[in-house]
Amino acid sequence: MTAAFLPFALPDIGEEEIAEVVDTLRSGWVTTGPKAKRFERDFVAYLGDQALEAVAVNSATAGLHLALEALGIGPGDEVITTTHTFTATAEVVRYLGADAVLVDIDPATLNIDPRAVEAAVTPATRAIVAVHYAGLAADMAAILDIAKRYKLKVVEDAAHALPATCGGRLIGTLASDAAVFSFYANKTITTGEGGMLVTRNPELAARARVMRLHGINRDAFYRFTANVPSWYYEVVAPGFKYNLTDIAAAIGLHQLKRLPNLLRRRVELAAQFDEQLTGLPLLLPPKPAAGETHAWHLYVVRLSAGAPVSRDRFIELMFEAGIGCSVHYIPLHLQPYWRDRYGLTPERFPHSQRVYEQMVSLPLYTRMSDADAQRVCNAVRGILRP
Ligand SMILES: *Cc1c(COP(=O)(O)O)cnc(C)c1O
């Protein structure tokens, strides 16, 4: 008898999430309303810093776009980010007519290399977008230092980083201009689709709130006229349609409550993998420094030169063993749009290129049992040590 296929990722939705969605559906208020507001408040409370503002959006991509828009990024500007990421990180720069300058990673952490960032700064550089790859915080001390010296803005693509720490502080509470979390289906918490922009800059938050909903500014008017019928509003900019529905926020409220438990399970699974996958021609994922939290969104291994099979063959053999794997990510410098727009070649990104050719993301999610994790490890061992 063969076991059922173990997919690469599955969301972990509990009965409380389901009941809250049903409550929303029965309430008569299904789009952005009281639950989205509560989700924003709960998110700030979770981060534990009341000086922060959270702006709920319908994707992290939307949140990144809003953050860069609010920071005034536009045509002629350059924004430096990593090639070793999902295209969303860089595409938002192009939405604004600015140019994305892609740089290589530090092969020890797979995160953006601050030295490569500094080397890429030009007079046109306006901002750095750092990605906390796989849930391990990027070197934010170095990045914030570069930003200070060159007067650049910093936005964190924190899509993988709930909850991760840097210098003992949760991502979202650092001194960057904004951090943006993703609640896509396979992220550490999910609302189906959704995201949260977090900032300690009230002007940035206010601009993002206006641009999140068609550039409509109601607040100014309401402050003085809360006692009149609420039909009046003013359009102050050609905004977007990026608001999070209460149906999605209903899921998020309970996912956030469960986050400590979900993290505990991820950490447990990662430790089980670390222990079971030693002694193989395999490089294990980089570890967080002592006292730091890794969010373990992804568990990425790299096949060593001594591995008996190629990365592509490894993924095929895992599939034949009934286990879904993935690759995060095909670096942007290999994607036709980015490659051709900026004339990029793999030689300019030796670390990302090499890691790409060797890396595999193994399934790691809270609905996996210990037996599922053991099955993954057994399959890996079987392939690499026939
Ligand atoms: C998932 C992801 C995004 C986009 O998140 P959405 O919520 O799907 O828009 C952006 N950057 C990275 C690194 C991601 O993994």
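Strand 13 (299-303) of this predicted model is mostly covered, with five of its five residues buried. The burial extends to both faces of the strand: Y299, V301 and L303 lie on one side, V300 and R302 on the other, and all are buried. In a regular strand the side chains alternate between the two faces of the sheet. The two sets in strand 13 are Y299, V301 and L303 against V300 and R302.

Strand 13 belongs to an open sheet of three strands, ordered 12-13-14 and paired in the antiparallel sense. Strand 12 (282-283) and strand 14 stand at the edges, each with a single partner strand, so one side of each has no neighbour in the sheet. Between strand 12 and strand 13 the antiparallel pairing covers two bridges, and L283 stands opposite R302 in strand 13. Between strand 13 and strand 14 (359-362), the antiparallel pairing runs over four bridges. Here V300 has S361 of strand 14 as its bridge partner.

What lies across this sheet? Helix 12 does, crossing strand 13 and strand 14 and running at about 55° to strand 14. Helix 12 spans residues 350-358, and its buried residues are S352, Q353, V355, Y356 and Q358. The cover over these buried residues includes strand 13, strand 14 and helix 10 (311-320). An α-helix has 3.6 residues a turn, so residues three or four places apart point the same way. In helix 12, S352 and Y356 are among the buried residues, as are Q353 and V355.

Strand 9 is another buried strand. Five of the five residues of strand 9 (residues 195-199) are buried, so the strand is largely enclosed by the rest of the structure. G195, L197 and T199 point one way from strand 9, while M196 and V198 point the other way, and all are buried. Strand 9 pairs with strand 1 (residues 53-57) in the antiparallel sense over five bridges. In that pairing E53 stands opposite T199 of strand 9. Strand 9 also pairs with strand 8 (residues 178-182), again in the antiparallel sense, over four bridges. The bridge partner of S182 in strand 9 is G195.

Strand 5 (residues 153-157) is mostly covered too, with four of its five residues buried. Its pairing with strand 4 (residues 125-131) is in the parallel sense and runs over five bridges. Within strand 5, D157 is the bridge partner of V131.

The helix pairs come next. The axes of helix 3 (residues 60-70) and helix 4 (residues 87-95) come within 9 Å and cross at roughly 45°. That angle makes helix 3 oblique to helix 4, and helix 3 passes helix 4 in a right-handed crossing. From helix 3 the contact takes in T61, L64, H65 and L68; from helix 4 it takes in A88, T89, E91, V92, V93 and Y95. By class, the residues of this contact are six nonpolar, three polar and one charged.

Helix 9 (residues 246-276) and helix 13 (residues 370-384) pack at an angle of about 30°, and their axes are 10 Å apart. Why is helix 9 described as roughly parallel to helix 13? Angles under 35 degrees count as roughly parallel, and the angle here is about 30°, which makes helix 9 roughly parallel to helix 13. The crossing of helix 9 and helix 13 is right-handed. Helix 9 contributes R265, L269, Q272, F273 and Q276 to the contact, and helix 13 contributes D370, A373, Q374, V376, C377 and R381. The residues of the contact between helix 9 and helix 13 divide into five nonpolar, three polar and three charged.

A last position is T32, in the loop between helix 1 (15-27) and helix 2 (34-47). Is T32 buried or partly exposed? T32 is partly exposed, its relative accessible area being 27%. T32 and I247 are 215 residues apart in sequence, yet their C-alpha atoms are 8.3 Å apart in space. Leaving aside neighbours within four places in sequence, T32 is in contact with N243, L244, T245 and D246.

Conventions
Residues are numbered from 1 along each chain as its sequence is written. This is a predicted model: local features need pLDDT of at least 70, side-chain atom pairs count only at pLDDT 80 or more; totals for chains, interfaces and linings use all residues. Side-chain values use heavy atoms; hydrogens and water are left out. Buried means under 20% relative accessible area, exposed over 50%, partly exposed in between (1.4 Å probe, protein chains only). Contact means heavy atoms within 4.5 Å. Two strands pair if DSSP finds at least two bridges between them. Axes are lines fitted to C-alpha atoms, for helices over the stretch in contact, and angles run from 0 to 180 degrees between N-to-C directions. Angles under 35 degrees count as roughly parallel, over 145 as roughly antiparallel, 65 to 115 as roughly perpendicular and the rest as oblique. A crossing is left-handed if the near helix is turned anticlockwise from the far one by less than a right angle, and right-handed if clockwise. Ala, Val, Leu, Ile, Met, Phe, Trp, Tyr, Cys and Pro count as nonpolar, Asp, Glu, Lys and Arg as charged, and the others, Gly among them, as polar.
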